[in-house]
Amino acid sequence: MQDHKSLRYSIAGLAMAVVLIPLGIAMMLPHLPALGRAPLRYSGGSSFPRSTLPLLKQPIDLLPERPAWMTNVQIYDFDGNGLNDVIACDARRHRVVCHRQLPGGKWEEQILAEGLPAPAHATIVDLDQDGDNDVLVSVLGNIWPDDGVIGRLVLLENTPAGFGQRVLLDDVRRVADAQVGDLNGDGRPDIAVAVFGYAHGEILWLENLGHLTFRDHRLHVAPGTIHVPLADYDGDGDLDIAAVVSQDEEEVWGIENLGAGRFESHRLFYSPNFDLGSAGLIAADLDGDGDTDLVLPTGDNLEEEHAYPQPYHGCLWLENRGDWEFAVHRVAEFGGAYAAAVGDLNGDGHRDIVLVSMVNEWENPRHASIVWLENDGRQNFHIWQIDESPTHLVTVACGDVNGDGRDDIVAGGLHLLGPYDRLGSITGWFSHVEEVAR
C-alpha cells in the first residue's frame, strides 16, 4: 500500500511539474537580462514626450473604401525629375503604386502593376541594366498565414509601352523581400531572396545567368525570414547578406560571401523569447564608424489572442564590432514596434531612428503610433512622440521629400485589427512646413 501511495504522489508531482515549469518559464522570459527589464511605468501602451520638430502631416494616398493594407513604402526619385517620389505596395488592392511628386508639393498616382496577390516589398533597381528603373516585387500570395506554394518574385520591367511583368521565381512559399547586388563577382546583378513561408521557409540567392534568367541556390532553411539587406559587413570588399528570421526562432544571421558563389553563415543574434516579435531589419552605419550596423525593431504581436504591447517590444541596435561580432544594445522600449527607418531628422549630422507601431493599446488616444529616437552622437537615444494617428503603422521610410536638406518621414498603415477610428493609408510628416503646402 505504501508503494502505491508513493507512486500516486510521484505521478501527481510529475503532473504539477509538467504544468508549472513551462508556466514559470513563460513568466520569466520578458524579464531575461538579454531582453531588458520592463520599466515600472509600463502599463500596456506607449506614450512619450512630444517632439518639437517642425513637421507638417500630409496624406499622400487617399483612403480606400476599406481599411488600407499598405505593406511597404519607399522614398525614391523614380521618374528622375529631381523630386523624390513615394513607391508603395498595396496588399488590399494587389498593386504597386508610384506617388509622383510634382512641383508645389502635389502628388500624382501612377499604378505600376496590378494583379499581384499581396505584394510585400518593392525593390527599385535597373536589373536589366538598360539605364532605367525597374521594380522587383516580392509577392506573398496571401497576407494571412499560409504555407502554400503561392509566393513569387516578379520583375516590373520598364519598357516604352509601360511596365511589363516577368516572373523570375515561382514554385516557392510566400516571398517577403528581395535585394539586388553582384554576389559572385561576375559583374551581373544577383538577387538575395527572403522566403518567409509560414511553417517552411528559406533564404535563396539567385545567380544571374544573363538575359534575365537566374539559377536559385539555397543558403538557409528556416521559416519567417523577413528582410535580407545586402552590405559589405566584414569589410573585405564584397557584398554579404544579413537576414532576420522570426518564425520558429528569433534570430539574425550574417551570411558571409567567401567569393565564387560560396557563403558561410554566422548567427549574430538569438533570443530565447519566441514572442520577441522581430519585425524587420535595417542596415545602416548608426555610429558613423565606417562599417554597417543593423537595426532590429521588435514588436510583431499580430496574434489576436495576445495582440497587446509587451515590455520587451522596442528596438535593438546590433553594433558591428568586426570579424562578424555584433554587440546588441537595446535602444528603445516601444509597444508594438513593427518597422524602423534611419535618417537625420534634426540636421545635426547624426543617424536617428524612426519607429512605427502596429499593435498598441489604441483605445487610449495618447499612445504613440510613430516615434523618433534622437541620437546624441554617442548612440544615446532619446525617444520623442511624433504622432498618435494614424494607427496600425507597419512600414516607414526616411528621406528628403521636400528638398530642404532635412529628412522627412513617410509611413503606411495596415489595419487588420480594430479599432478603426484613426485610419490612414500613406502619410507623410514633412519638415519646414511653409514649403510643403499643397
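# Exercises on strand pairing and loop geometry

In this predicted model, Gly412 stands opposite Ile426 in S28.

**Exercise 1.** Determine which strands make up the open sheet that contains S28, and which of them stand at the edges.

*Solution.*
1. Start from the pairing of S27 (408-413) with S28 (426-431). These two strands run antiparallel and are joined over four bridges.
2. Extend the search to further partners. The result is an open sheet of four strands in the order S1-S28-S27-S26, with antiparallel pairing.
3. Examine the ends of this order. S1 (55-61) and S26 each have a single partner strand, so each is left with one side that has no neighbour in the sheet.
4. Consider the twist, which averages 20° from one strand to the next.

**Exercise 2.** Describe the pairing of S12 with S13 and the backbone of the residues that link them.

*Solution.*
1. Identify the strands: S12 covers residues 202-210 and S13 covers residues 213-221. They pair in the antiparallel sense over eight bridges.
2. Locate one bridge within the pair: Ile203 has His220 of S13 as its partner.
3. Turn to the connection. The hairpin has two residues between its strands, and His211 adopts a positive phi near 55°.
4. Continue to Leu212, which lies in the loop between S12 and S13. Its phi is also positive, near 55°, although the residue is not glycine.

**Exercise 3.** Classify Leu212 and Asp323 as buried or exposed.

*Solution.*
1. Take Leu212 first. Its relative accessible area is 14%; the cut-off for a buried residue is under 20%, and Leu212 is therefore classed as buried.
2. Place Asp323 in the loop between strand S20 (314-322) and strand S21 (325-333). Asp323 has a positive phi near 55° and is a residue other than glycine.
3. Apply the second cut-off, over 50% for an exposed residue. Asp323 has a relative accessibility of 73% and therefore counts as exposed.

**Exercise 4.** Establish where the cis peptide bonds that precede Pro390 and Pro419 lie relative to the strands.

*Solution.*
1. Inspect the bond from Ser389 to Pro390: omega is near 0°, and the bond is cis.
2. Assign Pro390 to its loop, which lies between strand S25 (381-387) and strand S26 (393-399).
3. Inspect the bond from Gly418 to Pro419, which is likewise cis with omega near 0°.
4. Assign Pro419 to the loop between S27 and S28. These flanking strands pair in the antiparallel sense and belong to the open sheet of Exercise 1.

Note on methods: Residues numbered from 1 in each chain as written. Predicted model: local features only at pLDDT ≥ 70, side-chain atom pairs only at ≥ 80, totals over all residues. Heavy atoms only, no water. Pairing = 2+ DSSP bridges. Buried < 20%, exposed > 50% of the residue type's maximum accessible area, 1.4 Å probe, protein only. Axes fitted to C-alpha atoms, helices over the stretch in contact; angles between N-to-C directions.
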